Structure formats: C-alpha cells, structure tokens
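Work through the following exercises with the sequence and the model open side by side. Each task is followed by a solution that goes step by step.

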Amino acid sequence: MSIPIKDDEIDIVIGALHSDLTTFMNAWRPIFSRFHLIIVKDPDLKEELRIPEGFNLDVYKKPDIDHLVGTSTSIIFSGYSCRYFGYLVSRKKHIVSVDDDCLPAKDNKGFLVDAVAQHITNLTTPATPFFFNTLYDPFTEGADFVRGYPFSLRSGVTCALSCGLWHNLADYDAPTQALKPEERNSRYVDAVLTVPARTLMPISGINVAFNRDAVGPALLPCLRLAGEGKFRWETMEDIWSGMCVKVICDHLGLGVKTGLPYVWRNDRGDAIASLRKEWEGVKMMEDVVPFFQSLRLPPEATTAEDCVVEVANAVKEKLGAKDPMFARTAKALLDWVKLWKSVGVSSYSPGA
C-alpha cells in the first residue's frame, strides 16, 4: 500500500460470540499481530474464551462492561452489540472491526487480502461524495478523475468510514436468503467507490473501519427489536447505525467508501428460522428510511456527539408516537452520548 500505516493509531475490535477463537486468530495472525486488539466477550457467553498466544490484546468481559457502563443505561452490549463496547473503550484514531466468524479472503491472484491495510488506505485518502466519479475511487492506484469532473471538487473530503465486503454468504435479508439458499458471493470486484452525499446505506460491523476521532459516537448500538436473537438476520442495530452515521457524515462534510477489502464469512444461522424475528425490522424500515431521507441537522451541530443528540430529538419527535421502540431508541441515543463522554475520560483496564 502507498499509504504508511501507523500501527499505534489502530485498534482491531473483535466481538467474541464464540468461545474458541483459535482458528480465527491463527488465520488472521499475519495481519493482526502488528496491531493492538480489543476483544469483547459477549456477556451472554458462558464458556471461557480460548485465545492463542502471541498477540497484543485486551479482553473485556461482563464484569468490565458492568463496571464501566453500570445498569442505569438503556444500552445493551449482548450479542453483536458487544463490538460497540470495543469502540467505546478504544483510544486509537482508527478502528477496524471484524467479526469472529470471518477469515481473511484471497484476491483474484490468490494472495491473502490485508484487510487492515486496505481499510486504512480508504480512510487516509480523500472521499468524493459531492460528484460521482464513474471510474470508481480516483485516489486508487491506476485511476484518476474522469473528464468533466469539477476541479474545485477534486481535493475531496476526509473519509471517515470504510465499509468492506465479504465472500461466501452475501448480506441478504432473511426472506431473500430463504429464497436463494444456495446462492453464495464468489466475485472479487477490485474496486472502491465513495457513497454519494444524501444517499442512505446500511452498514455491517462484520468488516468495517472508521475514524474514531471524527465519527466514533455515530456508530452506536441503540435500536433493538423485541425478541431479537443472536443471528445477523435477527438484528437491525447496525442497519440503523449505518443510516445514523451516513446522515451525520453528510452533515459534517465527511465521506464514506465501500468496496474493498473483502473477508471470507462463514455460514451461521438459519434464514427460514429467522424470518419471524426479522419481519418486525422489515416493516420498520418503511418508516425509518423516509425519516432519515428527510432529516436535516442544524448548523449548530458541529461534532458527532452534537449530531447524535439532534438525531435523538428528531426520533422522539417524528417516530416516537409510531412505536414504543422508537422512544426507547431515542433515549438510548442520548445515553450513548453520555457514555461516550464519561468512558472517554476513564483510565480503566480490563480485569481491574
């Protein structure tokens, strides 16, 4: 990569939903061994974690979460939400988040993909959200701006969020996956592009990186469905988080990239069994998408924390009467900002 990576400015956050991380950690050893790792154990996981030696890491467990967060907040860090606790306690500029059921992918030439290096390249080169470049990311090696691209916009803006993809199990919803049970994503598309301004998108903590200083508080575990489960089809919080952070990036003049890097995602869960649990979220999107499409934040909101507070107020006002879940979400958004500020000044070490 042409962009130098400062290893001491990067945390790798791993939400541990499985107790045996041996295969996962050893597969990632060539890449992860250079960095500090934050592993957050799902507080509902009873078995002890098995982690091979040879890594620089901190492991946070339920007592650590209880100590820092307490029981007076609406934020729940169980299941996939545990990864957000890692975002909370990190002190590094850049965070790369990879789920524990993902392995390194290989590119079209059969070489191992260094997902961390590609994410950092995405984050440390400008994004171009205000005019679409039809040759993908103009800051990628071998590319440039196309004819007609305004020179006044070619300097781009800071990229705050990098959304990677994955091979094998595509990120379909439960109804689509149930209709295509054998379909797998095997294409390696060697491309990165900037998501245009005012365009919404979901994100997934499966394979994502972000500038914590710029947008850390905007990635948040604040929306939980009633009776949601432990599989990706049964949760909506990262989809909600994606729309929150995209609206906030647009408001703050920051960019979002998607595409490379890939990881390999193992199959997990049963789409048909998850249909009923996800259906509530499918219906919810019909209210949520128009809400975020019309949402405009005031110019006084100049930080990610300010923006989250404004989103919370708008959720309460515009969506609160539609479903009690939205009122709970509005409160959770405010609680998250308070947590971010209070934990941000903490010097707590895991196991203390």
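**Exercise 1. Locate Pro 261 in the secondary structure and describe the peptide bond that precedes it.**

Solution. The model is a predicted one, and in it Pro 261 belongs to strand S9. The bond to inspect is the one that joins Leu 260 and Pro 261, which is cis, with an omega of about 10°. As background for this step, most peptide bonds are trans, and most residues other than glycine have a negative phi.

**Exercise 2. Tyr 136 and Asn 168 each have a positive phi; state where each residue lies and whether it is buried, partly exposed or exposed.**

Solution. Begin with Tyr 136, whose phi is near 65°, a positive value in a residue other than glycine. Tyr 136 is placed in the loop between helix H4 (115-124) and S6, and with a relative accessible area of 45% it is partly exposed. Turn next to Asn 168, which is likewise not a glycine and has a positive phi of about 85°. Asn 168 lies in strand S6, and because its relative accessible area is 11%, under the 20% cut-off, Asn 168 is buried.

**Exercise 3. Describe the largest pocket by its volume, its lining and the elements that contribute to it.**

Solution. The volume of the largest pocket is about 930 Å³, and 40 residues line it, with Trp 166, Asp 171, Tyr 172, Pro 202 and Ser 204 nearest its centre. Two or more lining residues are given by each of strand S6 (159-168), helix H7 (237-252), strand S9 (255-265) and helix H8 (271-294). The largest share, six residues, comes from H8. Sorted by character, the lining of the largest pocket consists of 22 nonpolar, eight polar and 10 charged residues.

Ser 204 can then be taken up on its own. This residue sits in the loop between strand S7 (192-194) and strand S8 (207-211), and its relative accessibility of 9% is the reason why Ser 204 counts as buried. When residues up to four places away in sequence are not counted, Ser 204 touches Trp 166, Asp 171 and Asp 238.

**Exercise 4. How many cavities of 30 Å³ or more does the structure hold, and which residues line the largest cavity?**

Solution. The structure holds one cavity of 30 Å³ or more, and the volume of the largest cavity is about 40 Å³. Its lining is made up of Thr 128, Phe 132, Asn 133, Tyr 136, Asp 137, Pro 138, Leu 193 and Thr 194. These lining residues divide into four nonpolar, three polar and one charged. Tyr 136, in this lining, is the residue with phi near 65° from the second exercise.

**Exercise 5. Identify the residues that touch the most other members of the largest nonpolar core, and follow the contacts of Phe 77.**

Solution. The largest nonpolar core has 68 residues, of which Phe 77, Phe 85, Trp 240 and Phe 292 touch the most other members. Helix H10 (residues 324-343) gives the largest share of this core, 10 residues. Leaving aside neighbours within four places in sequence, the contacts of Phe 77 include Cys 82, Tyr 84, Phe 85 and Leu 88, and also Trp 336 and Leu 339. Apart from this core lies another, of 30 residues, among them Met 25, Trp 28, Phe 55 and Ile 206.

Cys 82, Tyr 84, Phe 85 and Leu 88 are among the buried residues of H3. Eight of the eight residues of helix H3 (residues 82-89) are buried, so this helix is largely enclosed by the rest of the structure.

**Exercise 6. Describe the protein chain as a whole, from its secondary structure to its contacts.**

Solution. The chain has 10 helices and nine strands. Its radius of gyration is 19 Å, close to the 20 Å that the globule rule gives for 352 residues, so the chain is as compact as a globular protein of that length. Along the principal axes, the C-alpha atoms fill a box of roughly 55 × 50 × 50 Å. Of the 352 residues, 53% count as buried. Finally, among contacts between residues at least 6 apart in sequence, 78% join residues at least 24 apart.

Definitions and conventions
Residues numbered from 1 in each chain as written. Predicted model: local features only at pLDDT ≥ 70, side-chain atom pairs only at ≥ 80, totals over all residues. Heavy atoms only, no water. 1 Å grid on protein atoms, 1.4 Å probe; cavity = no way out; pocket = protein on both sides within 12 Å on 5 of 7 lines; lining within 4 Å. Points joined across faces, edges and corners; volume = space filled by probe spheres on them. Helix = DSSP H or I, 4+ residues; strand = E, 2+ residues; numbered from the N terminus. Nonpolar A, V, L, I, M, F, W, Y, C, P; charged D, E, K, R; others polar. Buried < 20%, exposed > 50% of the residue type's maximum accessible area, 1.4 Å probe, protein only. Core = buried A, V, L, I, M, F, W, Y, C linked by side-chain atoms within 4.5 Å. Contact = heavy atoms within 4.5 Å. Rg over C-alpha atoms; globule rule 2.2 N^0.38 Å.
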